[in-house]
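Me: I have the chain in front of me and would like to understand one part of it properly. Please pick a single region and take me through it in one go.

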Amino acid sequence: MSVKNRNHQEMKPIISSSFTFSFFTDILDNSDKNNEKIWDPDEIAEGAENDDVWDVREIPEYEIMFRQQVGTEDVYLGLIKKDASTACCPELIVKIPLPDTNTSEIYVDVQETFLDLRTPDKKLVVNFPQSVESSSAKALYDLDNETLEVTITLKRELDFANFF
């Protein structure tokens with residue numbers, strides 16, 4: 001097949017088909033060998049995927065705490081293998097002070113790896129230190145202290161070894 005220009009003159013290809021074929025095969029071969037990524041996931045700051053530079057709402061302070069369930073058999077007798085480390089804490093608590101906020105204006109979304117809080121004046125996205133069971137989340141707003149307390153059960157693979 002020949003290619004012709006407007007004057008019906010035959011045109012020669014600039015790149016030969018053998019060159020084109022070898023060029024594309026080199027690209028395909030190199031794509032498997034040199035699967036270079038634009039960035040390494042470790043280079044991205046934690047929580048950067050949730051940043052919104054156009055959202056001017058205030059980011060409230062928060063506190064993350066671990067909670068243990070300790071009974072008298074743990075304290076006095078030491079019958080169960082619990083210690084003071086976070087490895088023995090089945091629950092995670094996030095406390096967020098929200099002064100001058102109506103409870104009907106608070107939106108909380110708990111996922112397996114983060115908590116998303118939105119009010120008309122404040123926005124907060126908190127990445128959890130460990131995976132949680134999002135269906136177990138309970139939120140309680142303390143009117144006296146004007147603080148939202150979200151309690152979530154941690155998702156752990158080896159809980160049967162730690163607690164029983």
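Reply: Happy to! A word on naming: helices (DSSP runs of H or I, at least four residues) and strands (DSSP runs of E, at least two residues) are numbered from the N terminus. This is a predicted model, in which local features need pLDDT of at least 70 and side-chain atom pairs count only at pLDDT 80 or more, while totals for chains, interfaces and linings use all residues. Residues are numbered from 1 along each chain as its sequence is written, and side-chain values use heavy atoms, with hydrogens and water left out.

The part to look at is an open sheet of four strands, ordered 3-4-9-8 with antiparallel pairing; two strands count as paired if DSSP finds at least two bridges between them. At the edges lie strand 3 (63–67) and strand 8 (132–142), each pairing on one side only. Direction ignored, neighbouring strands of this sheet are turned by 20° against each other on average, with axes fitted as lines to C-alpha atoms and angles running from 0 to 180 degrees between N-to-C directions.

Start from strand 3. Five bridges join it to strand 4 (residues 91–97) in the antiparallel sense. Met65 has Ile93 of strand 4 as its bridge partner, and Arg67 stands opposite Glu91. On to the next pair: strand 4 and strand 9 (residues 147–154) are antiparallel over seven bridges, and here Glu91 stands opposite Thr153 in strand 9. Five of the seven residues of strand 4 are buried (under 20% relative accessible area; exposed is over 50%, partly exposed in between, with a 1.4 Å probe and protein chains only), so strand 4 is largely enclosed by the rest of the structure.

Now for the charges. A salt bridge here is a side-chain nitrogen of Lys or Arg within 4 Å of a carboxyl oxygen of Asp or Glu, and the structure holds eight of them. Arg67 forms one with Glu149, where the closest N and O atoms are 3.6 Å apart. That pair links distant parts of the chain, with Arg67 in strand 3 and Glu149 in strand 9, 82 residues apart. Arg67 counts as partly exposed at 33% relative accessibility, and Glu149 is partly exposed too, at 23%. Glu149 also meets Lys95 in a salt bridge (3.9 Å, N to O), which again links distant parts of the chain: Glu149 in strand 9 and Lys95 in strand 4, 54 residues apart. Lys95 is partly exposed at 29%. Through shared partners, salt bridges join Arg67, Glu91, Lys95 and Glu149 into one network.

Just past strand 3, Val70 is found in the loop between strand 3 and helix 2 (72–77). It is partly exposed, with a relative accessible area of 46%.

Strand 4 and strand 9 also have a link to Leu117, which lies in strand 6 (residues 114–118). Leu117 counts as buried at 0% relative accessibility, and its contacts (heavy atoms within 4.5 Å) beyond four places in sequence include Ile96 and Leu148. Between Leu117 and Ile96 the C-alpha distance is 9.4 Å, and they are 21 residues apart in sequence.

Finally, a note on confidence. The protein has a mean pLDDT (the predictor's confidence in each residue, from 0 to 100) of 76, and 67% of its residues reach 70 or more. Over residues 13–28, pLDDT stays under 50. Where pLDDT is low, the predicted coordinates should not be read in detail.
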